[in-house]
2 protein chains.
Amino acid sequence: MTTRGRGLHGHVLESLGPAITAGDYPPGSVLRTDELAQRFEVSRSVMREAVRVLESMYLVESRRRVGVTVRPKSEWNVYDPQVIRWRLAGADRPHQLRSLTVLRSAIEPVAAGLAARHATAEQCAELTECALGMVSTSRGQQLEAYLVHDVAFHRVILNASGNEMFARLGDVVAEVLSGRTHHDVMFEDPDPAAVTLHVKVAAAVREGDAPRAERLTREITVGALQELDVLAP
Amino acid sequence: MTTRGRGLHGHVLESLGPAITAGDYPPGSVLRTDELAQRFEVSRSVMREAVRVLESMYLVESRRRVGVTVRPKSEWNVYDPQVIRWRLAGADRPHQLRSLTVLRSAIEPVAAGLAARHATAEQCAELTECALGMVSTSRGQQLEAYLVHDVAFHRVILNASGNEMFARLGDVVAEVLSGRTHHDVMFEDPDPAAVTLHVKVAAAVREGDAPRAERLTREITVGALQELDVLAP
DNA sequence: CACGAACAAAAAGTCAGACTTATATGTCAC
DNA sequence: GTGACATATAAGTCTGACTTTTTGTTCGTG
């Protein structure tokens with residue numbers, strides 16, 4: 001999850017990708033593979049591989065006799081984990097964080113409802129454990145430990161929903177929660193009300209009470225949105 | 001949106017991608033680029049580009065001295081439009097369609113609520129036009145024309161939500177709706193109740209009534225889920 | 001027999017150069 | 001201005017040689 005610079009082409013991507021998503025090359029900009037290859041001091045074949053990957057992310061389009069043109073932002077595959085990471089690391093981080101939090105607010109309540117119906121005994125146990133972990137680390141400036149349990153909690157919910165599309169958002173949620181703790185100001189201990197809500201969600205899932213699990217999770221996500229409004233109105 | 005076989009590497013992808021997502025190569029299977037290059041009668045450089053793209057979709061992992069190994073299904077980037085198309089064309093189409101419909105049921109109501117708040121006058125007009133189009137084509141076996149308006153309607157909602165993550169799901173919704181009309185049995189005209197709901201949603205968005213827009217859209221998606229239960233229980 | 005170090009083989013990774021192909025654009029006749 | 005045609009350009013493709021990493025084996029030593 002740290003550096004993904006596997007191979008030369010990966011290294012190039014790690015440099016070009018953030019530059020494009022940051023808007024250094026506005027939509028319509030034209031790059032040439034030969035020039036890029038020289039700039040990054042790699043062979044054309046390596047550069048071509050990097051361009052192919054950017055193309056599969058819908059960040060650029062490669063056309064004969066024209067070059068590699070940057071596509072408009074609206075066409076980017078914003079669900080690509082790599083793209084998400086690049087954008088979160090860039091300048092429009094706040095905007096990106098809001099988009100993702102809104103996405104969470106739509107997905108997670110539904111996922112919790114499904115989890116209440118489909119969760120296995122093992123998943124219920126895991127969930128309870130996470131909730132307890134959150135409680136025990138919710139006071140005394142143990143933000144890092146709290147974050148671990150918080151991320152784990154939401155991951156279990158998403159996985160237990162039984163929907164692969166939901167499950168795949170675990171990484172996104174992890175990024176958002178992690179960002180809140182690390183980047184944004186978070187001097188104080190987490191909101192006790194939020195902690196209680198997590199405990200209640202775990203209980204609702206355990207008891208198979210789908211509507212209640214959904215409603216409680218919606219309260220959590222509403223809280224997350226409000227928190228965002230306070231920080232960046 | 002039809003054939004994306006741009007260039008040789010694209011052609012290879014169009015063949016290898018569906019094979020992998022269909023499960024022809026079970027997770028852990030090992031492929032070798034040289035062998036693949038021979039099989040598809042392309043040069044190694046072209047095959048390498050194809051592998052890089054598959055790698056960026058988290059479908060495979062390329063490691064030295066071992067080869068190109070197929071990753072487990074749970075790690076695939078199921079939000080990649082290409083991957084979605086491949087899987088919808090494959091054997092587990094019903095399962096995939098259900099996953100996507102559940103996703104819709106989570107996203108679209110929230111998107112409609114946001115649209116009611118953020119939609120521009122132009123978007124409202126477009127939405128009304130779509131709804132009227134749906135009404136006028138809802139009877140008399142004009143399924144194709146109806147589909148066009150239906151897709152347009154949902155696209156406008158997603159775009160008007162102002163959330164880029166939602167907006168990017170327009171293609172997914174289009175695939176799902178299109179699949180329902182084309183692949184699954186759809187002899188009869190669309191459900192009149194559904195048509196009415198769309199008209200009401202358009203009105204709610206126009207009036208800026210977010211809760212109503214959300215609730216009505218939820219009714220639509222619930223209907224879609226029920227429809228799915230009837231077809232594939 | 002267990003354990004570790006040295007070694008060899010295998011496959012991806014990298015590079016350089018020559019060639020092909022599509023295509024945007026400019027030119028010229030009409 | 002419009003059409004056909006020529007040309008330059010940059011991506012696309014192929015090939016062959018070389019490098020690097022990693023795995024599994026072999027062999028020596030405790």
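Tutor: Asp, Glu, Lys and Arg count as charged, and Ala, Val, Leu, Ile, Met, Phe, Trp, Tyr, Cys and Pro as nonpolar; the others, Gly among them, are polar. Keep in mind that this model is predicted.

Student: How do the residues of the surface near DNA strand D divide into nonpolar, polar and charged?

Tutor: There are 11 charged residues, six polar and three nonpolar. Among the closest residues to strand D are A:Arg65, B:Arg63 and B:Arg65. Arg counts as charged, so these three belong to the charged group.

Student: Why is the pair between A:Thr33 and DNA strand D called a polar contact?

Tutor: An N or O atom in the side chain of A:Thr33 is 2.8 Å from a phosphate oxygen of strand D. The cut-off for such a pair is 3.5 Å, so this is a polar contact.

Student: Which side chains have polar atoms close to bases of DNA strand D?

Tutor: B:Arg44 has a polar side-chain atom 3.0 Å from a base nitrogen. For B:Arg64, an N or O atom of the side chain is 3.2 Å from a base oxygen. Both pairs lie within 3.5 Å, so both are polar contacts.

Student: Which element gives the most to the surface near DNA strand D?

Tutor: H3(B) does, with three residues.

Student: What makes B:Thr21 buried or exposed?

Tutor: Its relative accessible area is 7%. Buried means under 20%, so B:Thr21 is buried. B:Thr21 sits in helix H1 of chain B. Residues it touches include B:Leu59, B:Trp76 and B:Trp86.

How values were computed:
Residues numbered from 1 in each chain as written. Chains lettered and ligands numbered in written order. Predicted model: local features only at pLDDT ≥ 70, side-chain atom pairs only at ≥ 80, totals over all residues. Heavy atoms only, no water. Near = heavy atom within 4 Å. Polar contact = N/O pair within 3.5 Å; in protein donor to acceptor, adjacent residues only side chain to side chain. Helix = DSSP H or I, 4+ residues; strand = E, 2+ residues; numbered from the N terminus. Buried < 20%, exposed > 50% of the residue type's maximum accessible area, 1.4 Å probe, protein only. Contact = heavy atoms within 4.5 Å. Lists of a residue's contacts leave out its neighbours within four places in sequence.
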